[in-house]
Amino acid sequence: THDGKASDKWLTRRFLKRVDNVVTLSTSVTQDVRKLAPDLPIKTLFHPLYDDLPQKPEKKMAKEKLGIPVNAKNIVLFFGLIRPYKGLEVLLKATNLLSEDTHLIIAGECYGTWEKYEKIINVSKAKSRIHVFNCFIPDEQLGDFFVAADLVALPYLSASQSGVTATAIQFDLPIVASNVGDLSNSITNETGALVVPGDSNALGEAIEAWFSEEHTGLGEAYAKLKASKSWGEFARQLFEA
């Protein structure tokens with residue numbers, strides 16, 4: 001488990017002794033399960049995309065609702081629960097490398113102290129362009145954040161798979177992420193970029209590079225991903241197993 005304790009591994013091993021088969025959503029989780037239960041049959045599938053997302057608002061309206069300048073050119077979104085393994089501090093440090101027309105939205109509830117992030121924000125060159133929504137984001141507001149954004153950043157220090165990736169794909173947003181877990185199955189040169197985890201310079205440079213280049217194949221690439229990662233395809237592979 002993310003940010004887990006030693007006791008979690010013991011509890012997981014006890015649990016696995018009581019099941020006959022396991023289905024995982026990433027190869028990294030499959031590998032973790034094999035370490036704990038080498039003889040247990042495992043089927044590795046994928047994280048299906050969400051097909052019940054709220055209706056997309058108009059981009060200008062979404063920005064206005066969030067208090068983001070309507071003329072903001074490049075908006076980066078960090079979305080989801082804020083926990084140590086998510087690497088938010090890496091992204092915050094990377095903002096010093098971003099151009100002056102790039103804004104950062106942080107949307108999600110912080111688990112633990114917010115103080116360490118606030119200290120980084122207060123000394124950031126981009127402080128006035130960092131918009132913080134440190135709270136739980138209900139489903140009905142999700143569309144505002146993803147429509148307002150131009151790119152999703154996942155600076156994770158570790159991960160298996162990500163529900164935020166699935167949401168970004170559904171909203172046709174490019175993703176710049178750490179190369180951890182199974183994120184590379186969804187993020188390619190056509191749909192974003194992968195960088196070394198924990199490297200603020202590499203993350204900032206990758207975000208800047210994406211915004212400075214033209215990208216014409218994103219829609220086609222995501223159309224293929226949406227077909228291959230649909231709930232229908234997930235169900236087919238599950239029952240086939």
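In this predicted model, A153 stands opposite V176 in β7. The two strands involved here are worth finding on your screen: β6, covering residues 151-154, and β7, covering residues 175-178, pair in the parallel sense over three bridges.

Now step back to the sheet around them. Strands of a sheet pair through backbone hydrogen bonds, either parallel or antiparallel. Here the pairing is parallel, and six strands make up an open sheet in the order β5-β4-β3-β6-β7-β8. Which strands are the edge strands? They are β5 and β8, and each of them pairs on one side only. Direction ignored, neighbouring strands of this sheet are turned by 20° against each other on average.

| Edge strand | Residues |
|---|---|
| β5 | 130-133 |
| β8 | 192-195 |

Next, look at how side chains gather. In soluble globular proteins, nonpolar side chains tend to be buried together. The largest nonpolar core of this model has 35 residues, of which L77, F79, F146, V152 and I175 touch the most other members. Several elements give two or more residues to this core, including strands β3, β4, β6 and β7 and helices α3, α7 and α9. Which element gives the most? That is α6, with five residues.

F146 makes a good residue to explore. Leaving out residues up to four places away in sequence, F146 touches L77, F79, V152, V164, T167, A168, F171 and L173.

Finally, there is another core, lying apart from the largest one. This other core has 28 residues, and among them are F78, L92, Y117 and I130.

Methods: Residues are numbered from 1 along each chain as its sequence is written. This is a predicted model: local features need pLDDT of at least 70, side-chain atom pairs count only at pLDDT 80 or more; totals for chains, interfaces and linings use all residues. Side-chain values use heavy atoms; hydrogens and water are left out. Two strands pair if DSSP finds at least two bridges between them. Helices (H or I, at least four residues) and strands (E, at least two) are DSSP runs, numbered from the N terminus. Axes are lines fitted to C-alpha atoms, for helices over the stretch in contact, and angles run from 0 to 180 degrees between N-to-C directions. A nonpolar core is a set of buried Ala, Val, Leu, Ile, Met, Phe, Trp, Tyr and Cys residues joined through side-chain atoms within 4.5 Å. Buried means under 20% relative accessible area, exposed over 50%, partly exposed in between (1.4 Å probe, protein chains only). Contact means heavy atoms within 4.5 Å.
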